[in-house]
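Please open the model in your viewer and keep the selection tool at hand. This tour goes through the enclosed and open spaces of the structure, one selection at a time.

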Amino acid sequence: MKGKIVMSKMIRGLALITLVMISSLGLAQNKKALSIGLGGGGAFGINESVDRPITYGARFDLLWVKGFGDWLSPEIGISYISNKSKDTGGFSDYDVKILSPDIHLRITPFGLNKFSPYAYGAFGLAMPSVDVRPPNADPSAKEEADLAFGGGLGIYHKLGRNWALDLHLGGMATNADNLNPANDGENDGWWEGMLQIRYVFDDGGDLDDDGDGLTNDQEKLLGTDPLNPDTDADGLNDGEEVNEYKTNPLNSDTDGDGLKDGAEVKDHKTDPLNKDTDGDGLTDGDEVNKYKTNPTNPDTDGDGLKDGAEVTTHGTDPLKADTDGDGLNDGAEVNTHKTNPLAKDTDGDQLDDGEEVNKYRTNPLDTDTDKGSVFDGVEVRRGTNPLDAADDIEKKKDSFDVQKVGAAIVLEGVVFDVNKATIKPESEAILTKALKTFSDNPDIVVEIRGHTDNTGNAKKNQKLSADRAESVRQWMIARGVDGNRITTKGFGSDSPLAPNDTPENKQKNRRIEFVRTR
């Protein structure tokens with residue numbers, strides 16, 4: 001008899017919930033977002049019994065996914081709950097089965113996506129069937145359906161397009177004291193924990209399970225993962241890529257420039273569809289990762305040359321406006337003055353290109369701007385005008401001041417053929433000045449010393465320096481100087497005036513000196 005009563009109540013509850021579900025299907029058919037859940041778990045009674053073990057429960061429901069918006073999902077279901085005491089024979093022992101049709105409203109603050117926590121509120125009926133009554137129970141108590149309400153917390157985990165796991169922990173309270181027939185004046189209820197497997201209907205393509213701005217159907221057409229908002233892990237969600245940036249959500253680097261699409265959009269402000277956003281000849285990835293230049297500025301250092309031209313054509317530093325530090329920026333050297341942006345002194349006249357252009361107005365491509373036979377650098381150091389050929393041979397003083405014994409005079413301007421001791425014609429002026437010094441001072445005796453830089457073989461350099469000193473001696477003898485007044489010596493590269501580390505310093509070290517010996 002008792003079994004028939006329980007069965008009758010279950011049939012009535014199932015009929016009620018079925019009618020509500022059918023009605024909901026009609027309401028939800030445009031949403032295409034239905035999910036059926038079936039599962040079970042544990043239950044624990046809330047009543048006056050002292051010993052209450054954890055028993056069992058089961059649940060079947062229909063979830064209308066996002067039925068009231070992204071945050072709200074209604075659910076209609078029916079639960080079967082067992083509550084009882086540890087033993088069934090004592091004063092307060094009981095055994096009751098509860099059929100509870102109800103409505104849940106889920107609140108999903110982060111949207112219903114692949115892994116979504118939620119809270120819920122519940123309202124329904126508690127339909128008890130008492131199998132064992134305690135001795136003190138009211139024999140007249142009726143097994144009537146009572147209102148029940150409650151809530152709890154849960155986690156929804158999407159396994160695929162059509163399957164999900166659903167775990168919730170919560171409780172229900174009734175407005176009656178008949179779940180445990182031992183009346184104490186306090187309303188009864190129960191705690192429950194249920195794990196359900198869910199089937200999400202295939203026509204749920206209008207859903208956006210991963211919250212990326214694309215529906216499941218759109219993702220299916222694109223080939224993206226409907227449970228992963230950023231399929232290609234580039235830092236942009238699939239919806240942003242398709243709808244806003246027009247990038248490929250299946251390729252983390254759409255333009256193949258070495259930067260992920262997300263980094264281009266969010267960090268570097270470059271175009272993820274154009275591998276060279278600023279059109280400077282370098283890809284955005286090379287600019288960011290290799291050269292550290294600005295991928296949105298074609299001329300990072302503002303020197304008048306595009307970054308790509310600096311790197312691939314001129315070999316200059318795209319982060320430094322004046323690569324060689326000569327006082328002219330790289331663009332001015334290349335485009336205006338035609339000088340070498342990698343050499344401070346393009347023409348080797350011992351003046352930096354910037355000094356020639358900005359200070360002395362000489363030609364940085366010509367060692368002797370005024371064609372007066374003396375290098376521009378020599379003229380600047382001795383105080384003559386490198387733009388006036390007339391003062392290249394000093395007129396105010398046509399001989400050297402006589403130095404004390406042991407003092408050296410560097411004959412600047414005495415030059416020879418390359419790797420030879422042959423005196424070039426342009427040495428005439430300085431040698432004439434030395435000749436006049438011999439004439440004006442008939443008692444002095446000098447040693448002519450030859451020096452080279454450190455280029456080449458040391459032994460050959462020593463011989464070359466000695467030969468050049470002898471050539472100068474013969475030049476003097478041929479013009480009337482007593483050979484007994486002149487000795488010579490070659491030092492090779494052993495006595496440099498400056499380190500042999502730049503073309504300018506090597507020029508200083510290639511020299512002829514007059515040293516007074518008496």
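Keep in mind throughout that the model is predicted. Begin with the largest cavity, whose lining comprises 11 nonpolar, 2 polar and 2 charged residues. This cavity has a volume of about 120 Å³, and a search of the whole structure finds 5 cavities of 30 Å³ or more.

To centre the view on the largest cavity, select Ile409, Thr437, Ile444, Val446 and Phe514, which of its 15 lining residues are the closest to its centre. Next, display helix H10 (428-440) and strand S12 (511-516) as ribbons, since these are the elements that give two or more residues to the lining of the largest cavity.

Now turn to the largest pocket, for which the computed volume is about 1,000 Å³. Which residues lie nearest its centre? Select Val414, Val415, Phe416, Gln507 and Arg510, which hold that position among the 37 residues that line the largest pocket.

With those residues still shown, add the elements that give two or more residues to the lining of the largest pocket: helix H9 (376-382), strand S10 (446-451), helix H11 (458-477), helix H12 (503-509) and S12. Colour H11 separately if you wish, as H11 gives the most to this lining, with 5 residues.

As a last step, colour the lining of the largest pocket by residue class, where you should find 12 nonpolar, 13 polar and 12 charged residues. While S12 is on screen, recall that this strand gives two or more residues to the lining of the largest cavity and also to that of the largest pocket.

Note on methods: Residues numbered from 1 in each chain as written. Predicted model: local features only at pLDDT ≥ 70, side-chain atom pairs only at ≥ 80, totals over all residues. Heavy atoms only, no water. 1 Å grid on protein atoms, 1.4 Å probe; cavity = no way out; pocket = protein on both sides within 12 Å on 5 of 7 lines; lining within 4 Å. Points joined across faces, edges and corners; volume = space filled by probe spheres on them. Helix = DSSP H or I, 4+ residues; strand = E, 2+ residues; numbered from the N terminus. Nonpolar A, V, L, I, M, F, W, Y, C, P; charged D, E, K, R; others polar.
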